[in-house]
Every structure is written in C-alpha cells, then in structure tokens.
Amino acid sequence: MALHSLQALVEQLATQPIIFIGGKGGVGKTTTAAALASYYASQQQKTLIVSTDPAHSLGDVLNIRLKNGKTVISPYLDAIELNPDTIVDEHFAQVERTIRAYANPDMMPKIREHLQLSKSAPGAQEAAMLESMCQHLVNAADADYDHIIFDTAPTGHTLRLLVLPEMMGAWTDGLLAQQRRQ
Ligand SMILES: Nc1ncnc2c1ncn2[C@@H]1O[C@H](COP(=O)(O)OP(=O)(O)OP(=O)(O)O)[C@@H](O)[C@H]1O
Ligand SMILES: [Mg+2]
C-alpha cells in the first residue's frame, strides 16, 4: 500500500472505536494490529488490543507474555490474548453454579459429567470466544477506551466464529421442532 494511503487509513481509523484486523493466514494481521494499537496509544488514545486467534502471536510481537485477562503494556495500551480453554472452563463453572442452586444434589455428579462433555461439543469454543468478545466490547465502552482492536485468526476461522449465532439459531430451531413432533 502506498505510504500516503496508509497514512489516510490510519487517520480514518483513528475515529473508529472498534477495529477488526482480518485477512488470510500470514498476511500481517498481528503486526498491523500491534502497530496500530501502539500508534494510537502513543497519541494518548486509550487502546485495548484483543487477540482472538487461538494460535497466539500477539504476545511475541509485543514482547510480553499475555493472558486471558488484561495486561497493561503502557499507560494508554492494554492487551489480552483470549484463551478459549479458560473461557469455556469459566463459562461451564458458572453454568454449574447456577444449576447447583436448584438441582437435586444427588443429580450433581451426572450433571457435572454432562457439562464436562459439553465443553468439547462442536462450536463450544467458538461460542465461548464470541461471548467473551462481546463482553470485552461492552466493558471497553464502560472503561473509556478510545479503541478496541481485534487481532483475529485467519479468515476461515474468524468467519466460522461470526456465523456461529446464525448456525446455532438454525440448530436450536431444528431441535425445538423435533421436540414438538414427539
Ligand atoms: N509489512 C510487512 N512487510 C514484510 N513482512 C511483514 C510485514 N508485516 C508482517 N510481516 C511479517 O510477516 C510474518 C507474518 O506476520 P503476522 O504474524 O503479523 O501475520 P498474521 O496475518 O497475523 O499471521 P496469522 O494468520 O498466522 O495470524 C511475520 O514474520 C512478520 O514479521
Ligand atoms: Mg496473527
């Protein structure tokens, strides 16, 4: 990209609160996301950068070990590497706490076993990831970030993530229709 158009893009994005960096594998998404985030932070625009790629490299680019929660990189820059396993574990721990409040205690071992299996159900990791991304978007608005920048996984993976609500909707509609027939 010519330098002047790159500058124009960076300035244009400077007014955008939510920025997704997407593209196919290895084209420079993480490098671009980290460079943009560092630039806005240097301009004293409070920025949160979130990696949604399970094969993380944002920490390598920023030269700091990142985790599922926020790490402060500099006064205007925070970074997160979403960890699908951690998010799934936290999600199902919450579900278990909710169920425990009203379920028969004798049923709990069976329920726990079922929840354990659900963790590896198709789409569980993507659902957890998407839920966490939405949570960060909501929190970022409250935390007065000027930008939240998502460093995403290669296109195929990210598209699967984004069509998940539609897919789950069709799936649950199918299950409900099946139940009504019985
Ligand atoms: N503008 C650039 N010019 C030359 N090399 C670059 C440029 N941007 C990134 N690279 C190099 O290309 C490689 C891939 O970059 P990066 O990790 O940012 O890509 P990515 O799109 O995030 O990859 P992945 O799809 O695996 O997440 C790295 O070695 C990086 O140093
Ligand atoms: Mg990357």
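A surface patch, as used here, is made of residues with over 30% relative accessible area and no salt bridge, with nonpolar side chains joined within 5 Å. In this predicted model, L3, L6 and L9 make a nonpolar patch of about 270 Å². The fold includes an open sheet of 5 strands with mixed pairing, and helix α6 packs on that sheet.

**Nonpolar surface patch**

- The patch residue L9 belongs to helix α1, which spans residues 3–13.
- L9 has a relative accessible area of 34% and is therefore partly exposed, since that class lies between the buried limit of 20% and the exposed limit of 50%.
- The value of 34% for L9 also satisfies the patch requirement of over 30%.

**Sheet order and edges**

- The strands run in the order β1-β5-β2-β4-β3 across the open sheet.
- Its edges are β1 (18–21) and β3 (71–74), each of which pairs on one side only.
- From one strand to the next, the twist averages 20°.
- Helix α6, residues 124–142, touches β1, β4 and β5 (147–151) where it packs on the sheet.
- The direction of α6 makes about 160° with that of β5.

**Strand pairing**

- β1 and β5 are parallel and share 4 bridges; in this pair, I18 stands opposite I148 of β5.
- β2 (residues 47–51) pairs with β4 (residues 77–81) in the parallel sense, over 5 bridges.
- T47 has L77 of β4 opposite it.
- The pairing of β3 with β4 is antiparallel and comprises 3 bridges.
- V72 has D78 in β4 as its bridge partner.
- The connection from β3 to β4 is a hairpin through 2 residues.

**Side chains along edge strand β1**

- Side chains alternate along β1.
- I19 and I21 point to one face and are buried.
- I18 and F20 point to the other face and are not buried.
- I18 is also the residue placed opposite I148 in the pairing with β5.

**Surroundings of I99**

- I99 lies in helix α4, residues 84–100.
- Its relative accessible area is 17%, so I99 counts as buried under the 20% limit.
- Leaving aside residues up to four places away in sequence, I99 touches M108, I111 and L115.
- I99 and R112 are separated by 13 residues in sequence, and their C-alpha atoms are 9.8 Å apart.

**Positive phi in loops**

- Most residues other than glycine have a negative phi.
- Q44 is not a glycine, yet has a positive phi of about 60°.
- Q44 sits in the loop between α2 (29–42) and β2.
- With a relative accessible area of 55%, Q44 is exposed, because the cut-off for that class is over 50%.
- D144 also has a positive phi without being a glycine, with a value near 65°.
- The loop holding D144 runs between α6 and β5, the helix and strand whose directions make about 160°.
- D144 is exposed, at 59% relative accessibility.

Terms used:
Residues are numbered from 1 along each chain as its sequence is written. Chains are lettered from A and ligands numbered from 1 in the order in which they are written. This is a predicted model: local features need pLDDT of at least 70, side-chain atom pairs count only at pLDDT 80 or more; totals for chains, interfaces and linings use all residues. Side-chain values use heavy atoms; hydrogens and water are left out. Two strands pair if DSSP finds at least two bridges between them. Axes are lines fitted to C-alpha atoms, for helices over the stretch in contact, and angles run from 0 to 180 degrees between N-to-C directions. Contact means heavy atoms within 4.5 Å. Patches are made of residues with over 30% relative accessible area and no salt bridge: like charges are joined within 9 Å, nonpolar side chains (Val, Leu, Ile, Met, Phe, Trp, Tyr) within 5 Å. Accessible areas come from the Shrake-Rupley method with a 1.4 Å probe; for residues, only the protein chains shown count as cover. A salt bridge is a side-chain nitrogen of Lys or Arg within 4 Å of a carboxyl oxygen of Asp or Glu. Buried means under 20% relative accessible area, exposed over 50%, partly exposed in between (1.4 Å probe, protein chains only).
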